Amino acid sequence: MRIFATLRTALRALRRNKMRTILTMLGMIIGVGAVIASVSITSGAKQQVEEQIASLGENMLLIFPGSFSSSGARLGWGNWHSLQLEDALAIQTQLQGVTAVSPENRTRTQIIAGNQNWNTSVQGESPEYLQIRQWPLAEGEMFDNQQVRTAAKVCVIGQTDVKELFPNEDPLGKMIRVRDVPCQIIGVLQSKGLSPMGQDQDDIVLVPYTTELKRINREDWVDTILVQAVSQAAMPIVQQEITDLLVQRHHLKPEGPRDFLVRSQEDIAQAASATATVMGGLLAGIAAVSLLVGGIGIMNIMLVSVTERTREIGIRMAVGARGGDILVQFLIEAVTLSIIGGGIGIASGMGISHLIASLTHWPTLTPIVWIGIASFSSAVIGVISGFYPAWKASKLDPIDALRYE
Amino acid sequence: MNPVIKLEDIRKTYHTGEVDVHAVQGISLQILPGEFVAIMGASGSGKSTLMNLIGCLDRPTSGRYGLDDIDTSTLDRDALADIRNRKIGFIFQGFNLLSRTSALENVEMPMLYNHQHIQAQEQRERALHALELVGLSDRADHYPNQLSGGQQQRVAIARALVNQPALLLADEPTGNLDSQTSIEIMGVFQKLNSQGITIIMVTHELDIARYTKRTVVLRDGRVVTDDAVQNRLNAETELRNLREAHQAIKLTA
């Protein structure tokens with residue numbers, strides 16, 4: 001059997017009934033289009049989340065203060081000031097796989113520069129903070145360990161603060177007042193954009209943690225400790241070592257309960273992308289249903305087509321077509337329908353996702369592998385839905401088929 | 001000379017419901033190469049069943065059927081399809097051309113199912129040659145709905161010829177045509193027959209049968225008479241007579 005001749009026959013049969021062909025394809029177009037669009041949207045969202053998570057820092061572990069039971073009332077995570085500056089120093093000096101540590105305290109407060117003022121997040125950090133967060137400076141420099149030791153009145157500010165407080169001038173060397181502490185700006189951070197939770201990461205003022213603890217907030221606990229592990233592979237070990245060290249330092253029982261929590265970047269990433277995954281599964285389910293409907297449409301039309309063309313089948317059989325030739329002819333017709341429909345579906349799915357991207361500014365991304373999957377499943381749907389009608393056609397008796405009116 | 005068709009005590013019984021219908025009840029028949037045979041009979045005489053059997057569209061209940069020295073009684077569906085493709089050219093009462101398909105492509109169609117692969121170029125040449133034989137080479141690109149009944153039947157004849165079969169099998173080929181076109185088609189058959197092509201034709205029209213060389217009459221599934229045609233008509237002469245008669249009517253009117 002010559003495939004090209006059969007393909008030509010199939011195409012001619014499809015061209016003969018353009019409207020019907022288009023309507024039948026529409027089922028596949030919508031189905032495949034829905035698959036591609038939903039996959040594009042969810043993978044775009046997932047990629048964005050992953051990029052944001054990566055922007056948090058490199059090989060980063062976060063230590064949060066823990067929950068605490070006070071006379072039977074259990075307080076949630078973060079409500080107890082269980083982390084001390086000494087914990088951070090111990091982690092830095094005693095653990096092998098740790099390259100950098102930054103004890104962090106955050107205060108939301110008003111800052112004043114000249115006649116401008118702005119409410120921002122003031123964070124006490126160590127000089128290694130920028131290394132942990134993979135955050136380069138736009139200009140100036142970070143405070144050093146000497147300035148940490150002396151609790152120097154210096155700060156490094158984010159781009160949002162520059163925009164709000166120094167719209168038309170170079171902030172470097174200027175003074176800002178944080179509460180009642182005047183600090184000199186010695187560095188400006190590059191822009192980092194939004195966090196995975198949608199917060200503006202550039203709305204930030206960094207000061208030495210000693211300055212924060214002794215001058216601005218006068219606290220004797222630490223909100224969070226940022227730890228950088230030497231490598232991705234070392235993270236689980238470092239996580240365990242930190243846990244052991246803090247259990248020992250806080251005089252806790254090894255089996256718990258704990259008054260702190262160690263989270264790795266992956267934990268956060270998994271939680272964030274879980275939503276996208278669930279969403280994607282839901283959309284894919286809907287898309288699969290519409291693909292099924294498309295397949296049923298093709299089968300329906302092929303059955304009609306076989307009945308309508310009974311006489312043609314009879315003629316072909318009379319001049320020597322075998323049952324197999326007829327089977328292949330109708331199968332190719334069904335597969336052609338579904339593949340062309342699938343192809344248009346892929347194109348329109350990508351078109352829709354681009355449209356969504358440009359209208360809503362959601363990032364979308366069509367993975368190549370999904371284009372392959374969509375093409376392959378279109379072909380499979382064509383074969384499955386075309387087989388029964390084609391088989392029925394191939395089993396016709398030539399005499400009956402020739403007499404069919 | 002070996003016969004093209006050798007039927008030995010062919011029987012065909014249909015089992016429809018309670019009663020068995022004995023459509024063909026023991027027909028033995030030999031047809032030699034170059035013959036031009038009309039099979040005649042009233043409806044229900046078994047001529048259509050015999051036609052289907054000779055055309056390998058159906059298998060006999062009993063008896064032996066040799067076509068071009070091949071015993072077809074034992075062949076399966078696919079093998080019968082191949083025999084139809086190589087050995088038999090069908091011509092039907094209703095032409096049975098594929099609609100919205102050009103005359104040329106209609107004629108090329110049987111070659112699609114040929115077992116040896118034929119190049120597209122050669123397919124085209126052979127189809128054009130077949131159309132030339134029936135005098136329609138100038139209509140190759142026309143669609144069936146652009147052709148008259150006689151022209152459509154010529155396309156069907158070209159389609160039947162294109163695989164160079166041992167046998168042309170025509171089932172009431174003039175049944176849907178007016179008398180003049182009928183004679184034209186018989187002229188095509190006579191021309192092809194004079195070139196050595198064996199033709200078997202089913203008809204119930206006596207005057208059409210007189211263009212053939214041999215008439216087999218069936219009744220109740222049996223052969224009643226099997227004679228050579230006396231006073232055979234020549235299509236060319238008849239056509240000329242017909243035209244002159246038309247001319248005469250026009251002149252007197």
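**Exercise 1. Work out how many residues chain B and chain A each give to their contact, and describe chain B's side.**

Step 1. Count each side: 18 residues come from chain B and 15 residues from chain A. Two residues are in contact here if their C-beta atoms, placed from the backbone, lie within 7 Å.

Step 2. Find the elements. On the side of chain B that touches chain A, α2 (77–87) and α3 (103–112) of chain B are the elements that give two or more residues. Of these, α2(B) gives the most, with six residues. Helices (H or I, at least four residues) and strands (E, at least two) are DSSP runs, numbered from the N terminus.

Step 3. Sort by class. The side of chain B that touches chain A holds eight nonpolar, four polar and six charged residues. Ala, Val, Leu, Ile, Met, Phe, Trp, Tyr, Cys and Pro count as nonpolar, Asp, Glu, Lys and Arg as charged, and the others, Gly among them, as polar.

A word on the ground rules: this is a predicted model, where local features need pLDDT of at least 70 and side-chain atom pairs count only at pLDDT 80 or more, while totals for chains, interfaces and linings use all residues. Residues are numbered from 1 along each chain as its sequence is written, and chains are lettered from A and ligands numbered from 1 in the order in which they are written.

**Exercise 2. Check whether the radius of gyration of chain B agrees or disagrees with that of a compact globule.**

Step 1. Take the rule: 2.2 Å times the number of residues to the power 0.38, with the radius of gyration taken over C-alpha atoms.

Step 2. Compare. For 253 residues a compact globule would come out near 18 Å, and chain B has 19 Å, so the two agree.

Step 3. Add the rest of the picture. The C-alpha atoms of chain B fill a box of roughly 60 × 50 × 40 Å along the principal axes. Buried residues (20 or more other C-beta atoms within 10 Å of their own; exposed means 12 or fewer, partly exposed in between, with C-beta atoms placed from the backbone) make up 43% of the 253 residues in chain B. Chain B has eight helices and 10 strands.

**Exercise 3. Lay out the six-strand sheet of chain B and say which strands stand at its edges.**

Step 1. Write the order: β6-β7-β8-β3-β9-β10 (chain B), an open sheet with mixed pairing. Strands count as paired if DSSP finds at least two bridges between them.

Step 2. Pick the edges. β6 (88–91) and β10 (222–228) of chain B each have a single partner strand, so one side of each is left without a neighbour in the sheet. From one strand to the next, the twist averages 20 degrees.

Step 3. Zoom in on one pair. β3 (residues 36–40) and β9 (residues 214–219) of chain B run parallel over four bridges, and B:I39 has B:V216 as its bridge partner in β9(B).

Step 4. Add the helix. α5 (residues 149–161) of chain B packs on the sheet, touching β6 and β7 (167–171) of chain B, and its direction makes about 170 degrees with that of β6(B). Axes are lines fitted to C-alpha atoms, for helices over the stretch in contact, and angles run from 0 to 180 degrees between N-to-C directions.

**Exercise 4. Do the layout again for the four-strand sheet of chain B.**

Step 1. The order is β2-β1-β4-β5 (chain B), open, with antiparallel pairing. β2 (19–31) and β5 (70–71) of chain B are the edge strands, each pairing on one side only.

Step 2. Look inside. β1 (residues 5–16) and β4 (residues 62–67) of chain B are joined antiparallel by five bridges, with B:R64 in β4(B) as the bridge partner of B:E8.

**Exercise 5. Place A:P182 in its strand and decide whether it is buried or exposed.**

Step 1. A:P182 sits in β9 (residues 181–189) of chain A.

Step 2. A:P182 has 12 other C-beta atoms within 10 Å, so it is exposed.

Step 3. Leaving out residues up to four places away in sequence, A:P182 touches A:K153, A:M175 and A:R177. A:R177 also stands opposite A:P182 in β9(A).

Step 4. Follow the pairing. β8 (residues 175–178) of chain A pairs antiparallel with β9(A) over four bridges, and β8(A) and β9(A) form a hairpin with two residues between them. In that turn, A:R179 has a positive phi of about 50 degrees.
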